[in-house]
Amino acid sequence: SAPLLGERMARIVSSKLTTGSGSSDVEGIITNSVAGVTAASVTAVTADEIIDLTHSVDPAYRVGNAAFIINDSTLEAVRKLKDGDGNYLWQMGNYQAGVPQNLLGYNVVVNQDMDSIATAKMTILFGDMSYFYVRKVGQPAIYIAGERFAPDFGILGYIRLDGMLSNKAAIKHFVQA
C-alpha cells in the first residue's frame, strides 16, 4: 500500500543521509562530521563526556538549531545519567505546552540509523543541524512492475538525493573507545 511504500522509502532515505559513505553513495551526516569526543569506555557514556561533546562545538553553533541526534538504545543509557546532585540530565518536556524533550537544554532527535553503543561506533551527534544540506532532485518516482514479478506485481520506488555538511565545525560526533 502507499503508506507502507512511503514509510519504507523514508527509512531508506534516513539511513543514507545518516550513514552514507559518499563514495558512490549519498553523503551521510555521520561520515562527514568530525569527532568531538572519544569516550573512555566502549560500553558507556558519562555525563561529563556529553558536556565535553557540547563544548567541542564552537559556541556560535550551540544556539538556534543545535540539537543532539541519537538512537533509542543510546538514549536509554543517556536518560539514566545524573549530575553531581543526583538530578537527571534528561528533561522530559511537555508537548502539550510546547516544551520539547531536552538534554542539557538542547533538543533531542531520535534517529534509529545512528549507531548503538559499541566499540569504535559514532553514537551521538551534536551541533547546528542547519549546516547539513539535503539536495533532492525531482520528485520520488513510483513504478509498478507487472512483468518481472508475474503473476504478481512489484511496486518500486526511486528517489535521487544527496547530503552535504557545509561546515564541519558546526556538528561533531561522539565516538565510543
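Trainee: Is Lys-80 buried or exposed?
Mentor: In this predicted model, Lys-80 forms a salt bridge with Glu-76, the closest N and O atoms being 3.9 Å apart. Its partner Glu-76 is partly exposed, with a relative accessible area of 48%. The relative accessible area of Lys-80 is 55%, and the exposed class begins over 50%. Therefore Lys-80 is exposed.

Trainee: How many salt bridges does the structure hold?
Mentor: Side chains of opposite charge can pair when their charged atoms come close. One such pair is Glu-76 with Lys-80, and another is Arg-11 with Glu-7. Lys-16 and Asp-25 also meet in a salt bridge. The number of salt bridges in the structure is 3.

Trainee: In which helix do Arg-11 and Glu-7 both lie?
Mentor: The closest N and O atoms of this salt bridge are 3.2 Å apart. Arg-11 counts as exposed because its relative accessibility is 52%, whereas Glu-7, at 40%, counts as partly exposed. The two residues are 4 residues apart, about one turn of the helix, and the element that holds both is helix 1.

Trainee: Which residue meets Lys-16 in a salt bridge?
Mentor: Lys-16 counts as partly exposed, at 34% relative accessibility. The partner also counts as partly exposed, at 27%. The N to O distance is 3.4 Å, and the partner of Lys-16 is Asp-25.

Trainee: Which element gives the most to the lining of the largest pocket?
Mentor: The largest pocket has a volume of about 220 Å³. Its lining includes Leu-5, Arg-8, Met-9 and Lys-16, and also Tyr-158 and Arg-160. Two elements give two or more residues to this lining, namely helix 1 (2–19) and strand 8 (154–165). The element that gives the most, with 6 residues, is helix 1.

Trainee: How many charged residues are in the lining of the largest pocket?
Mentor: Arg-8, Lys-16 and Arg-160 are among the lining residues, and Arg and Lys count as charged. By class, the lining also has 8 nonpolar residues and 1 polar residue. The number of charged residues is 3.

Trainee: What is the volume of the second largest pocket, and how many nonpolar residues does its lining have?
Mentor: Among the lining residues are Leu-17, Ile-29, Ile-69, Met-114 and Phe-132. Helix 1 and strand 5 (106–110) are the elements that give two or more residues to this lining, and helix 1 gives the most, with 3 residues. By class there are 3 polar and no charged residues. The volume is about 170 Å³, and the number of nonpolar residues is 9.

Trainee: Which residues make the nonpolar surface patch of about 420 Å²?
Mentor: One member is Ile-144, which is found in strand 7 (residues 132–145). A patch residue needs over 30% relative accessible area, and Ile-144 counts as exposed at 60% relative accessibility. The patch is made by Ile-142, Ile-144, Phe-153 and Ile-155.

Trainee: How many helices and strands does the protein chain have?
Mentor: Read along the sequence, the chain follows the pattern α-α-β-α-β-α-β-β-β-β-β-β-β. Its C-alpha trace spans about 65 × 35 × 35 Å along the principal axes. The protein chain has 4 helices and 9 strands.

Trainee: What percentage of the residues of the protein chain count as buried?
Mentor: A residue counts as buried when its relative accessible area is under 20%. Ile-144, at 60%, counts as exposed and therefore falls outside that class. Of the 177 residues of the protein chain, the share that count as buried is 36%.

How values were computed:
Residues are numbered from 1 along each chain as its sequence is written. This is a predicted model: local features need pLDDT of at least 70, side-chain atom pairs count only at pLDDT 80 or more; totals for chains, interfaces and linings use all residues. Side-chain values use heavy atoms; hydrogens and water are left out. On a 1 Å grid over the protein atoms alone, a cavity is a set of points where a 1.4 Å probe fits but cannot get out, and a pocket is an open set with protein on both sides within 12 Å along at least five of seven lines; lining residues have an atom within 4 Å of a point. Grid points are joined across faces, edges and corners, and a volume is the space filled by probe spheres set on the points. Patches are made of residues with over 30% relative accessible area and no salt bridge: like charges are joined within 9 Å, nonpolar side chains (Val, Leu, Ile, Met, Phe, Trp, Tyr) within 5 Å. Accessible areas come from the Shrake-Rupley method with a 1.4 Å probe; for residues, only the protein chains shown count as cover. A salt bridge is a side-chain nitrogen of Lys or Arg within 4 Å of a carboxyl oxygen of Asp or Glu. Buried means under 20% relative accessible area, exposed over 50%, partly exposed in between (1.4 Å probe, protein chains only).
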